[in-house]
Amino acid sequence: MQYYAHTSPYNNENGPWHKLYDHLDSVARMANQFAQDALPDCPDFADKAFLAGLLHDLGKYRQEFQEYLHGKRISSPETHHSIYGASAGLFDFNSLGSAVTIAGHHTGLSKVACELKDRISKVKKQVPSLLEILAKDLGEIPRNASASDLDDILRVEVMIRMLFSCLVDADWTDTAQHMQSYQPIHRIVRGN
């Protein structure tokens with residue numbers, strides 16, 4: 001099955017639809033670069049940005065979301081997608097910063113804090129199968145991004161806000177490029 005992140009810029013079947021693996025790969029690489037530019041001496045931060053980019057739309061691999069894109073469902077809690085990547089970030093990669101960032105990438109950080117733990121616990125069982133599909137599309141997800149988050153509360157808050165900025169900027173940039181019918185950003189093997 002082909003999975004998509006977005007419909008065509010013309011919102012029809014005839015225009016180019018944005019393949020999900022292209023979007024996730026591009027956002028991960030851009031977020032990583034933004035993080036490297038912001039904190040060049042902090043490779044762990046860049047790794048977290050890469051992870052957040054890879055996982056931010058993980059829930060779009062769900063049938064419910066794909067049916068929504070194809071006009072077979074209306075927007076509802078069943079078609080929401082960000083909580084699946086947040087769950088993967090926390091439970092599969094032990095990264096609270098990535099989880100909070102991913103969960104808030106559409107709604108903002110302030111809305112996320114109160115409801116995050118309950119919401120990600122509800123979807124935890126569905127995440128492994130979504131990660132398998134992502135791994136088939138883009139290969140294994142690097143585990144070096146799963147180092148435990150920082151202990152200092154103020155530093156954590158600043159880092160989460162910076163991580164959020166890297167993810168949202170990369171997500172909006174890649175989506176805008178698709179919607180403006182730019183050529184897709186070609187995947188490059190990480191580290192090259």
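Buried, in this tour, means under 20% relative accessible area. Keep that cut-off at hand, and keep in mind that you are looking at a predicted model.

**Stop 1: the two cysteines.** Select Cys42 to begin. Its relative accessible area is 19%, so with the cut-off at under 20% Cys42 counts as buried. Now move to Cys166, which is also counted as buried, at 6% relative accessibility. How many disulfides does the structure hold? Zero, so there is no such bond to look for here.

**Stop 2: the whole chain.** Zoom out and switch to a cartoon view. You should find eight helices and two strands. Reading along the sequence, both strands come ahead of the helices, in the pattern β-β-α-α-α-α-α-α-α-α. Of the 192 residues in the chain, 48% are buried. If you turn on a surface, the exposed area is about 10300 Å², and carbon and sulfur atoms supply 53% of it. Contacts in this chain often join distant positions: among those with a separation of 6 or more, 73% are between residues 24 or more positions apart.

**Stop 3: colour by confidence.** The mean pLDDT of the chain is 82, and 80% of the residues reach 70 or more. Which helix has the highest confidence, and which the lowest? Select α1 for the highest, at a mean of 96, then α6 for the lowest, at 71. Next, select residues 146–151, where the pLDDT is below 50; this stretch has 15 contacts in the model beyond near neighbours in sequence. Residues 182–192 also have pLDDT below 50, with 20 contacts of that kind. A word of care for such places: where pLDDT is low, the predicted coordinates should not be read in detail.

**Stop 4: the nonpolar core.** Select Leu55, Leu58, Tyr61, Leu131 and Ile141 together. These are the residues with the most contacts inside the largest nonpolar core, which has 42 residues. Several helices give two or more residues to this core, including α1 (20–38), α2 (43–55), α7 (127–138) and α8 (153–179). Apart from this core lies another one, of six residues; Val100, Leu109, Ile160 and Val168 are among them.

Now stay with Leu58 and show what surrounds it. Leaving out residues up to four places away in sequence, Leu58 touches Tyr84, Gly85, Ala88, Val127, Leu130, Leu131 and Leu134. Leu131, as you saw, is one of the residues with the most contacts inside the core.

**Stop 5: the aromatic pairs.** The whole structure contains three aromatic pairs. Two of them are worth a visit.

Start with Tyr3 and Tyr61. Their rings meet edge-to-face, 5.0 Å centre to centre and with 75 degrees between the planes. Where do the two partners sit in the chain? Tyr3 is in the segment before β1 (4–6) and Tyr61 is in the loop between α2 and α3 (63–69), so this pair links parts of the chain that are 58 residues apart. Both Tyr3 and Tyr61 are buried, and Tyr61 is already familiar from the largest core.

Then select Phe65 and Tyr68. Their ring centres are 5.7 Å apart and their planes stand at 55 degrees, so this pair is tilted. Phe65 and Tyr68 are about one helical turn apart, because they lie three residues from each other in helix α3. Is each partner buried or partly exposed? Phe65 is buried, with a relative accessible area of 5%, whereas Tyr68 is partly exposed, at 33%.

Key:
Residues numbered from 1 in each chain as written. Predicted model: local features only at pLDDT ≥ 70, side-chain atom pairs only at ≥ 80, totals over all residues. Heavy atoms only, no water. Core = buried A, V, L, I, M, F, W, Y, C linked by side-chain atoms within 4.5 Å. Buried < 20%, exposed > 50% of the residue type's maximum accessible area, 1.4 Å probe, protein only. Helix = DSSP H or I, 4+ residues; strand = E, 2+ residues; numbered from the N terminus. Contact = heavy atoms within 4.5 Å. Disulfide = S-S within 2.5 Å. Areas by Shrake-Rupley, 256 points an atom, 1.4 Å probe, with all protein chains shown as cover. pLDDT = per-residue confidence, 0-100. Phe/Tyr/Trp six-rings, centres within 6.5 Å; stacked < 30°, edge-to-face > 60°.
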